[in-house]
Amino acid sequence: MDQAGGGQESRRDGTARRDAAGAADRARGADASGEATAEAGGEHPVGYWYPEHDSAIDVLTALRTYQAAHGDMRRRMSAGMDMNTTDLAALRHVIAHERHGEPLTPLGLARLLRISGASSSKLLDRLTASGHLQRVPNPHDRRSSVVVATEHGHTEVRERLDGLHARMQEAAEQVPEEARGEVAAFLRRIAGVLDAEITSDAPLSPVTRSPAPQLPSPRRG
């Protein structure tokens, strides 16, 4: 086998191992969370963190199933493009802003990704070296630059997402037209709940353990 073929086999083996490890991690996470991990088929979560089960919980469970599938898709796509998920998110943000005629500055991209300027600079160096992105002069301010996708970057994303987006649209069109507004409003409300969630950076309280009971000393004859 030539070196190129061997490299492709090695990448495929590595991707398969990452997928297997990710599946194991998700299974462990579901067990630890207290959720029931799967139905008899072993694919869909059936539990949630609520004492009562009703149709509203079914909706939230379906939403979690979607979230897990979406995360898996992004990991598979990033592995197929030989980049991490943050790099893939950066490429998608850049292309989306280009299509709206609002190219991103490096600082704007860092804010969208919620990473530091130093991390953003390293990310851009990686994606520039791989031929996916490039920095060009800002047409509105020549003292700064904007980030644009190369033809190679556009082609890779288009090849991987065009078919997926078409199938997702077909699935959305199966929702009765009179219900689509309510579905969209529900998803926006969930997004608002998540955006408003405040998490604490304080460490968790340690477990208070009772002292071990002392056994009585044996009496001497």
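Two residues are in contact when heavy atoms of theirs lie within 4.5 Å. Keep that in mind as you explore this predicted model, a chain with seven helices and two strands. Along the sequence, these elements follow the pattern α-α-α-α-α-β-β-α-α. Below is a short tour, from the whole chain down to single residues.

**The chain as a whole**

- Of the 221 residues in the chain, 23% are buried.
- The chain exposes about 16,400 Å², and carbon and sulfur atoms supply 54% of that area.
- Take the contacts in the chain with a separation of 6 or more: 38% of them join residues that are 24 or more positions apart.

**The largest nonpolar core**

- In soluble globular proteins, nonpolar side chains tend to be buried together.
- Here, the largest nonpolar core has 22 residues, and the members that touch the most others are Met81, Leu91, Val94, Leu109, Leu123 and Leu133.
- Several elements each supply at least two residues of this core: the helices α2 (55–80), α3 (85–99), α4 (106–113), α5 (117–129) and α6 (151–173), along with the strand β2 (141–149).
- Helix α3 gives the most to this core, with six residues.
- Leu133 is a good residue to look up in the structure: leaving aside neighbours within four places in sequence, Leu133 is in contact with Leu91, Val94, Leu124, Leu127, Thr128, Val147, Val148, Ala149 and Thr150.

**How α4 meets α5**

- Two packed helices are described by the angle between their axes and the distance between the axes.
- For α4 and α5, the axes come within 9 Å and cross at roughly 105 degrees.
- An angle of 65 to 115 degrees counts as roughly perpendicular, so α4 is roughly perpendicular to α5.
- On the α4 side, the contact is made by Pro106, Leu109, Ala110 and Leu113, while α5 brings Ser120, Leu123 and Leu124.
- Sorted by class, this contact of α4 with α5 has six nonpolar residues, one polar residue and no charged residues.
- Two of the residues in this contact, Leu109 and Leu123, are also among the core members that touch the most others.

**A closer look at Glu156**

- Glu156 is found in helix α6, one of the elements that supply at least two residues of the largest nonpolar core.
- Is Glu156 buried or exposed? With a relative accessible area of 15%, Glu156 falls under the 20% cut-off, and therefore Glu156 counts as buried.
- Which residues does Glu156 touch, not counting those up to four places away in sequence? They are Met81 and His132.
- Met81 is itself one of the core members that touch the most others.

Terms used: Residues are numbered from 1 along each chain as its sequence is written. This is a predicted model: local features need pLDDT of at least 70, side-chain atom pairs count only at pLDDT 80 or more; totals for chains, interfaces and linings use all residues. Side-chain values use heavy atoms; hydrogens and water are left out. A nonpolar core is a set of buried Ala, Val, Leu, Ile, Met, Phe, Trp, Tyr and Cys residues joined through side-chain atoms within 4.5 Å. Buried means under 20% relative accessible area, exposed over 50%, partly exposed in between (1.4 Å probe, protein chains only). Helices (H or I, at least four residues) and strands (E, at least two) are DSSP runs, numbered from the N terminus. Axes are lines fitted to C-alpha atoms, for helices over the stretch in contact, and angles run from 0 to 180 degrees between N-to-C directions. Angles under 35 degrees count as roughly parallel, over 145 as roughly antiparallel, 65 to 115 as roughly perpendicular and the rest as oblique. Ala, Val, Leu, Ile, Met, Phe, Trp, Tyr, Cys and Pro count as nonpolar, Asp, Glu, Lys and Arg as charged, and the others, Gly among them, as polar. Accessible areas come from the Shrake-Rupley method with a 1.4 Å probe; for residues, only the protein chains shown count as cover.
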